[in-house]
Amino acid sequence: MTRRTEWPASVPDHGADPGRGFAAGHTAGSGGTYGPETDHGHGTDPGPGSGEGAGRRTRSRTRSSGSPSSSRAEKGESRDPVEQARNICLRLLTGTPRTRKQLADALRKREIPDEAAEEVLSRFEDVGLIDDAAFADAWVESRHHGRGLARRALVRELRTKGVSSEVIDEAIGQLDSEQEEATARELVARKLRSTRGLDRDKRLRRLAGMLARKGYGEGMALRVVRQALEEEEEDTEGLDEPF
């Protein structure tokens, strides 16, 4: 938290929008400065160059007349690539953890120089704002218990997020084959009721296919489904064949 204070995520306010002040000035002066606006429909034509329409056109010109540098200043953007990289990373890390590769890809997409990106990413790792090992552990815990994903599916997902093979192996080590099979049984038990009324082969394909999509191997899926069907006194003869 101390490090986060050194690199504040908030963007400094570089001043009010000049258009707001300009509009406020017109409102304050509408009590008598502009005759056509106070006529209230007594027949006076304000003309094309005066009144509310002119005010809008003037405000539009005022807002668009700023230089690119002043526009960047109003948005709080810094020209320093390191500061830009810090702000991008802090915004992306707000509310959700991300891997180093995910942040590096985001910085590259924003055309942050490699040297500045490397400096910020390494610094964030030093202070614990980037921790691929913790990310992988939390991912395995959440996706296995929340979605019922097997180890094979979890490995595939973590690889797409740029987590190294060594870190993935350590995170996947949380799950053993017994826990994985227990989760498969729970998934089949929840799905079993919706397959009642179908013939045996359709039930088998639907249940085993559901497990396969979640990363369970063919052998385990077939074994779990067969046992579930046997408990319902379903004829399972011939179900030893691969599906």
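**Helices 7 and 8 and the nonpolar cores**

Helix 7 takes in residues 114-126, and its 13 residues reach 18 Å from first C-alpha to last, close to the 18 Å expected at 1.5 Å a residue. Bear in mind that this is a predicted model. The helix has a clear inside and outside. Ala-116, Ala-117, Val-120, Leu-121 and Phe-124 are the buried ones in helix 7. They cover an arc of only 125° around the axis, which means they sit on the same side of helix 7. Turn to the other side of helix 7 and Asp-114, Glu-115 and Asp-126 are exposed. As for partners, the buried residues of helix 7 pack against helix 5 (81-93) and helix 6 (100-109). After helix 7 comes Gly-128, with a positive phi near 90°.

Helix 8 can be read in a similar way. This helix runs over residues 132-147, and its 16 residues reach 21 Å between the first and last C-alpha, close to the 22 Å expected at 1.5 Å a residue. Its buried set is a mix of side chains: Asp-132, Phe-135, Ala-136, Val-140, Arg-143 and His-144. Looking down the axis of helix 8, these buried residues fall within an arc of 135°, so they line one face of the helix. The cover over them includes helix 6, helix 9 (151-160), helix 10 (165-172) and helix 11 (177-195). Helix 6 thus turns up in both settings, packed against by the buried residues of helix 7 and among the elements covering those of helix 8.

The ends of helix 8 are worth a look too. At the N-terminal end, Asp-131 acts as a cap, with a side-chain oxygen 3.2 Å from the backbone nitrogen of Ala-133. Following helix 8 is Gly-148, and its phi is positive, near 75°.

Now for the cores. In soluble globular proteins, nonpolar side chains tend to be buried together. Here, the largest nonpolar core has 18 residues, and those with the most contacts inside it are Val-188, Leu-192, Leu-207, Leu-211, Tyr-216, Val-224 and Val-225. Helix 11, helix 12 (200-213) and helix 13 (218-231) each chip in at least two residues of this core, and helix 13 gives the largest share, seven residues. Take Val-224 as an example: setting aside neighbours within four places in sequence, Val-224 is in contact with Glu-181, Ala-184, Arg-185, Val-188 and Leu-211. There is also a second, separate core of 16 residues, which includes Ala-104, Ile-112, Val-120 and Ile-130. Val-120 has already come up as one of the buried residues in helix 7.

Key: Residues are numbered from 1 along each chain as its sequence is written. This is a predicted model: local features need pLDDT of at least 70, side-chain atom pairs count only at pLDDT 80 or more; totals for chains, interfaces and linings use all residues. Side-chain values use heavy atoms; hydrogens and water are left out. Helices (H or I, at least four residues) and strands (E, at least two) are DSSP runs, numbered from the N terminus. The expected span of a helix is 1.5 Å times one less than its number of residues. Buried means under 20% relative accessible area, exposed over 50%, partly exposed in between (1.4 Å probe, protein chains only). The arc is that of the directions from the helix axis to the C-beta atoms. Contact means heavy atoms within 4.5 Å. A polar contact is a pair of N or O atoms within 3.5 Å; within protein, one must be able to donate a hydrogen and the other to accept it, and residues adjacent in sequence count only if both atoms are side-chain atoms. A nonpolar core is a set of buried Ala, Val, Leu, Ile, Met, Phe, Trp, Tyr and Cys residues joined through side-chain atoms within 4.5 Å.
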